[in-house]
Amino acid sequence: MTPVATPFFFYFLAALSVGSALGVILRKNAVHSAIFLIFTLLAQAGLYLMLYAPFVAGVQIILYAGGIMVLFLFVIMLVNLERSLKEEQFNKQWVVGTMVGVLFGAVILLVYRSGAGSFPKTLAVLQESTNTQDIGVMLYRNYMMPFEVASLLLLVAIVGAVVMAKKRI
Amino acid sequence: MAEIGTMHYLVVAMMLFILGVVGVVTRRNVVVILMSIELILNAVNLNLVAFSRLYGLHGQVFAIFVIVDAAAEAAVGLGIVIAFFRNKETVNVDEIDLLKW
């Protein structure tokens, strides 16, 4: 099945994601930043769908927009908001930092320009209907060891988070 | 309009990455800095998934690993923020200078 109106959706989602990312780093209020970040994540999930990656899109929405962002909002509520709103939100090096960022982007664009021809011309065959199944098979066959290490990492992170948030360390 | 290729996605990911880096470098609030790190990780994820369109499913599997790492990083990082806020009553990075002499 050929997708409909691909350019429109791509530019819409890309503009939504980049514009919301701008909101994340420019808003004074940390809660507004978090809301903008949720919009960025949802737009990215749409982009993943356009790249024939429905499972990653679902994980993105459930885990990122659902789980991690709730964590962020809880922490924003725990650290006090009223005092920090009156403070300066950007440090003294923001001019230099922004210039370095723009320069870095220019370098990456130059690399893209010179390397654009080296991509393969044909697209990979990605079955959208069995995407989840294929990823599961690949996780348990090709990436068995990294999968187990990731589970260990999550266990360590849970223990670490509990220890960090305890009253007395 | 022209057809959307891999390069379009790479440019979007590049913009998100730059915005994340600028956020990390310029903001003072630790929580917003952690959010900017999430932006950077998302840019990497978009790159991985975009290349998985060309080279097969491995990129998507790696994107899932990156999401797992992001979850672990957010949990531990925010735990550190809470612990620090309890001790020093601040979340501004330029006031967190215990190791500076």
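The following exchange examines helix H1 of chain A, the contact between chains A and B, and the domains of chain A in a predicted model.

Visitor: How do you know that the length of helix H1 of chain A agrees with its number of residues?

Guide: Helix H1 covers residues 6–26 of chain A, and at 1.5 Å a residue its 21 residues should span 30 Å. The end C-alpha atoms are 30 Å apart, so the two values agree.

Visitor: Why are A:Phe10 and A:Leu13 called buried?

Guide: A residue is buried if 20 or more other C-beta atoms lie within 10 Å of its own. A:Phe10 and A:Leu13 are buried in H1(A), as are A:Ala14, A:Ser17, A:Ser20, A:Ala21, A:Val24 and A:Ile25.

Visitor: What puts these buried residues on the same side of H1(A)?

Guide: They cover an arc of only 140° around the axis, and therefore lie on the same side of H1(A). On the other side, A:Pro7, A:Phe8 and A:Ala15 are exposed.

Visitor: Which helices do the buried residues of H1(A) pack against?

Guide: Their partners are helix H2 (30–50) of chain A together with H1 and H2 of chain B.

Visitor: What makes up the contact between chains A and B?

Guide: Chain B gives 60 residues and chain A 73 residues. On the side of chain B that touches chain A, H3(B) supplies the largest share, 20 residues. By class, that side of chain B has 43 nonpolar, twelve polar and five charged residues.

Visitor: Where do the two domains of chain A lie in the sequence?

Guide: Domain 1 is 1–81 and domain 2 is 125–169, according to an automatic or database domain assignment. Their centres, taken over C-alpha atoms, are separated by 21 Å. The contact takes four residues from domain 1 and five residues from domain 2.

Notes. Residues are numbered from 1 along each chain as its sequence is written. Chains are lettered from A and ligands numbered from 1 in the order in which they are written. This is a predicted model: local features need pLDDT of at least 70, side-chain atom pairs count only at pLDDT 80 or more; totals for chains, interfaces and linings use all residues. Two residues are in contact if their C-beta atoms, placed from the backbone, lie within 7 Å. Helices (H or I, at least four residues) and strands (E, at least two) are DSSP runs, numbered from the N terminus. Ala, Val, Leu, Ile, Met, Phe, Trp, Tyr, Cys and Pro count as nonpolar, Asp, Glu, Lys and Arg as charged, and the others, Gly among them, as polar. The expected span of a helix is 1.5 Å times one less than its number of residues. A residue is buried if 20 or more other C-beta atoms lie within 10 Å of its own, exposed if 12 or fewer, and partly exposed in between; C-beta atoms are placed from the backbone. The arc is that of the directions from the helix axis to the C-beta atoms.
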